[in-house]
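Here are my notes for you, as promised. Keep the viewer open and tick the points off as you go.

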Amino acid sequence: MRRHQTEQPPPRDGYPYFRIKAGESTYHLRLPSIASASSLAAYYSGVVVASQGAAKLAQQTADADASSLTVEQASAASEALLDAQAEMYGALGFVILSCWRDPLAELVSRSAWLESYAVRKAIRDGLPLDGHDEAIVAAVREATRLGTEHRTDLKTAFGLLAWDELVEAGLTHEGIQTIGTECARLVFDSIKSKGGHGVEIIADF
């Protein structure tokens, strides 16, 4: 996390904007637009379902008769659970990244995510990277490495990067998890149908 390199719009209050307080710092966030929020909710739901499946498999393995399990089966269940935990951390990090709109503190992982296609294409094509911020390029490279290491998709990799960036900024793992979970809840609430929309159609032709 660093100060923005360019001037940003001033913070705003009221829906869809919100704030989080972490220690002595306050950060500004915004719910994504409806299309982005729907995509984010679908992505997060998929990770949650996969993680629940991995946890169930691990529990079934733990409850099974040890004599009926091979070392490979037990190892596979344990590895799947660890992978699922990493996916959840990454998903929560990506939810925070998607909502981040602080005018002072730049979440470099978010900026890198937004520029990742252009940077990755330049790297792949062997083009010069002079036109890209060094910190952004480094973040894209690190996210790519994390994706390979944890065998995961790019969104989750950038989410893991965001999580680590927030830790470096002084937030605890528990605090980041709380923020990510609450952000996800707000995103889901923003796309749910609510009783009473306060709209009246008047067609006086």
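1. Start with a term: pLDDT is the predictor's confidence in each residue, on a scale from 0 to 100. You need it here because this is a predicted model. The protein chain averages a pLDDT of 89, and 93% of the residues score at least 70. Among the elements, α5 has the highest mean pLDDT, 97, while α2 has the lowest, 87. A general caution for reading models: where pLDDT is low, don't read the predicted coordinates in detail.

2. Next, the overall layout. The protein chain has 6 helices and 4 strands. Starting at the N terminus, their order is β-β-β-α-α-β-α-α-α-α. Along its principal axes, the C-alpha trace spans about 75 × 55 × 40 Å.

3. How much is tucked away? Of the 205 residues in the protein chain, 36% count as buried. The chain exposes about 12400 Å², and carbon and sulfur atoms supply 55% of that area. Take the contacts between residues at least 6 apart in sequence: 69% of them join residues at least 24 apart.

4. Now zoom in on the strands β2 (residues 17-22) and β3 (residues 25-30). They pair in the antiparallel sense over 6 bridges, and Phe18 stands opposite Leu29 of β3. Together they make a hairpin with 2 residues between the strands, and Gly23 in the turn has a positive phi of about 65°.

5. Which side chains of β2 point to the buried face? Phe18, Ile20 and Ala22 do, whereas Tyr17, Arg19 and Lys21 point to the other face and are not buried. That fits a general pattern: in a regular strand, side chains alternate between the two faces of the sheet.

6. Helix α5 deserves a good look. It has 15 residues, 154-168, so at 1.5 Å a residue it should span 21 Å; the C-alpha atoms at its ends are 21 Å apart, which agrees. If you want to check that sum, remember that the 1.5 Å is multiplied by one less than the number of residues.

7. What happens at the two ends of α5? Asp153 caps the N-terminal end, with a side-chain oxygen 3.0 Å from the backbone nitrogen of Lys155. Just after the helix, Gly170 takes a positive phi of about 110°.

8. Buried residues in α5 include Phe158, Leu160, Leu161, Trp163 and Leu166, and also Glu165. What covers the buried residues of this helix includes α1 (34-63), α2 (71-99), α3 (108-125), α4 (134-149) and α6 (173-191), along with the strand β4 (105-106).

9. Try Ser51, which sits in helix α1. Is this serine buried or exposed? Its relative accessible area is 11%, and the cut-off for buried is under 20%, so Ser51 counts as buried. Leaving aside neighbours within four places in sequence, Ser51 is in contact with Ala84 and Met88.

10. Last stop: His150, in the loop between α4 and α5. Its relative accessibility is 26%, which falls between the 20% and 50% cut-offs, so His150 counts as partly exposed. Not counting residues up to four places away in sequence, His150 touches Ala86 and Leu160. His150 and Glu87 are 63 residues apart in sequence, yet their C-alpha atoms are 8.4 Å apart in space.

How values were computed: Residues are numbered from 1 along each chain as its sequence is written. This is a predicted model: local features need pLDDT of at least 70, side-chain atom pairs count only at pLDDT 80 or more; totals for chains, interfaces and linings use all residues. Side-chain values use heavy atoms; hydrogens and water are left out. Buried means under 20% relative accessible area, exposed over 50%, partly exposed in between (1.4 Å probe, protein chains only). Contact means heavy atoms within 4.5 Å. A polar contact is a pair of N or O atoms within 3.5 Å; within protein, one must be able to donate a hydrogen and the other to accept it, and residues adjacent in sequence count only if both atoms are side-chain atoms. Two strands pair if DSSP finds at least two bridges between them. Accessible areas come from the Shrake-Rupley method with a 1.4 Å probe; for residues, only the protein chains shown count as cover.
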